[in-house]
Amino acid sequence: FADADSTMAAINQGGVSEETGRNLFLAQLTLGLAHEFDNAVKLEAKASARMRNSAEDIFDNWFTDLYGGASHPTWGSLQVGKFSSRSWARSDSFAYPIGLSSAWAESGAGYGVYPEAVRYGTREFEIPIGKIRFEGTYAQADTRYPLNRSSLVENPPDPWLYEIFIQYSNE
């Protein structure tokens with residue numbers, strides 16, 4: 001059974017079963033290009049790949065961001081491609097100041113990637129008590145069938161969602 005212990009250590013990421021120690025390797029590489037023209041139109045493209053313990057961080061998704069977009073200070077921004085959810089991408093900036101980074105990360109709250117999405121963001125609006133910006137995302141994904149299709153009672157849904165993000169700042 002010595003081999004079983006070493007197999008369990010590999011499955012348990014660094015510790016024999018019943019031990020709590022784990023080793024975690026997490027890496028994210030982001031490449032981006034942007035160019036602003038004289039008329040204030042800006043074109044951008046971004047690719048982010050994320051890896052956890054030598055495999056994709058989210059099953060079947062090496063890239064968490066892979067999109068292109070255009071923006072203008074008056075009209076806002078439009079991006080098309082693959083995005084991480086705003087609740088995941090912006091979690092640290094909201095959770096860290098109030099001491100909830102670990103709780104947010106460990107719970108998996110907001111952890112998501114939108115494989116086919118369109119995101120529109122308005123320009124920043126000045127209001128008497130600060131600035132506000134609105135953003136909307138429509139996303140969809142391919143239908144995923146189980147390995148044993150004969151076990152289905154009903155076909156799986158075609159997943160889609162709308163995400164609304166509102167950012168207020170008094171700075």
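**A colleague's note: charges and rings between the strands**

1. A good place to begin is the salt bridge between Arg-133 and Glu-135, whose closest N and O atoms are 3.0 Å apart. Please keep in mind that this is a predicted model. Arg-133 counts as partly exposed because its relative accessibility is 22%, whereas Glu-135, at 6%, counts as buried.

2. Glu-135 has another partner: its side chain also meets that of Arg-119 in a salt bridge, at 3.7 Å from N to O. Glu-135 belongs to strand S8 and Arg-119 to strand S6 (residues 113-121), so this pair ties together parts that are 16 residues apart in sequence. Arg-119 itself is buried, with a relative accessible area of 3%.

3. Follow Arg-119 onward and you reach Glu-163, with the closest N and O atoms of this salt bridge 3.5 Å apart. Here strand S6 is joined to strand S9, so the parts tied together are 44 residues apart in sequence. Glu-163 has 11% relative accessibility and therefore counts as buried. The whole structure holds 3 salt bridges, and a network of them links Arg-119, Arg-133, Glu-135 and Glu-163. As a general reminder, side chains of opposite charge can pair when their charged atoms come close.

4. What else does Arg-119 lie over? The face of Phe-83, at 4.5 Å from the ring centre. Phe-83 in turn forms an aromatic pair with Tyr-67, one of 3 aromatic pairs in the count. The Tyr-67 and Phe-83 rings are tilted, 4.9 Å centre to centre with 40° between the planes. Tyr-67 sits in strand S4 (residues 63-72) and Phe-83 in strand S5 (residues 76-84), so the pair ties together parts 16 residues apart in sequence. Both of these residues are buried.

5. Tyr-67 and Phe-83 are also members of the largest nonpolar core, which has 5 residues and is completed by Tyr-114, Ala-117 and Ala-139. In general, nonpolar side chains of soluble globular proteins tend to be buried together. Tyr-114 is worth a click: beyond its neighbours within four places in sequence, its contacts include Phe-83, Ala-139, Arg-119 and Glu-163. Tyr-114 thus touches members of the core and of the salt-bridge network.

6. A further aromatic group deserves a look. Tyr-138 and Tyr-162 have ring centres 5.2 Å apart and planes at 50°, so the pair is tilted. This pair links distant parts of the chain, with Tyr-138 in strand S8 (residues 130-140) and Tyr-162 in strand S9 (residues 160-169), 24 residues apart. Ring pairs link both of them with Trp-160 into a cluster. Tyr-138 counts as partly exposed because its relative accessibility is 30%, while Tyr-162, at 59%, counts as exposed.

7. Do check the backbone at Asn-53 and Ser-54. Most residues other than glycine have a negative phi. Asn-53, however, has a positive phi of about 50°, and phi of Ser-54 is near 65°. Where do they lie? Asn-53 is in the loop between strand S2 (42-52) and strand S3 (55-56), and Ser-54 is in the loop between S2 and S3 as well. Asn-53 counts as partly exposed at 25% relative accessibility, and Ser-54 as exposed at 61%.

8. Finally, the wider view. The chain has 4 helices and 9 strands, arranged along the sequence as α-β-β-β-β-β-α-α-α-β-β-β-β. Of its 171 residues, 22% count as buried. Among contacts with a separation of 6 or more, 47% come from residues 24 or more positions apart. The accessible surface is about 12,300 Å², with 58% belonging to carbon and sulfur atoms.

Notes:
Residues numbered from 1 in each chain as written. Predicted model: local features only at pLDDT ≥ 70, side-chain atom pairs only at ≥ 80, totals over all residues. Heavy atoms only, no water. Core = buried A, V, L, I, M, F, W, Y, C linked by side-chain atoms within 4.5 Å. Buried < 20%, exposed > 50% of the residue type's maximum accessible area, 1.4 Å probe, protein only. Contact = heavy atoms within 4.5 Å. Helix = DSSP H or I, 4+ residues; strand = E, 2+ residues; numbered from the N terminus. Areas by Shrake-Rupley, 256 points an atom, 1.4 Å probe, with all protein chains shown as cover. Phe/Tyr/Trp six-rings, centres within 6.5 Å; stacked < 30°, edge-to-face > 60°. Lys NZ or Arg CZ within 6 Å of the ring centre and 35° of its normal. Salt bridge = Lys/Arg side-chain N within 4 Å of Asp/Glu carboxyl O.
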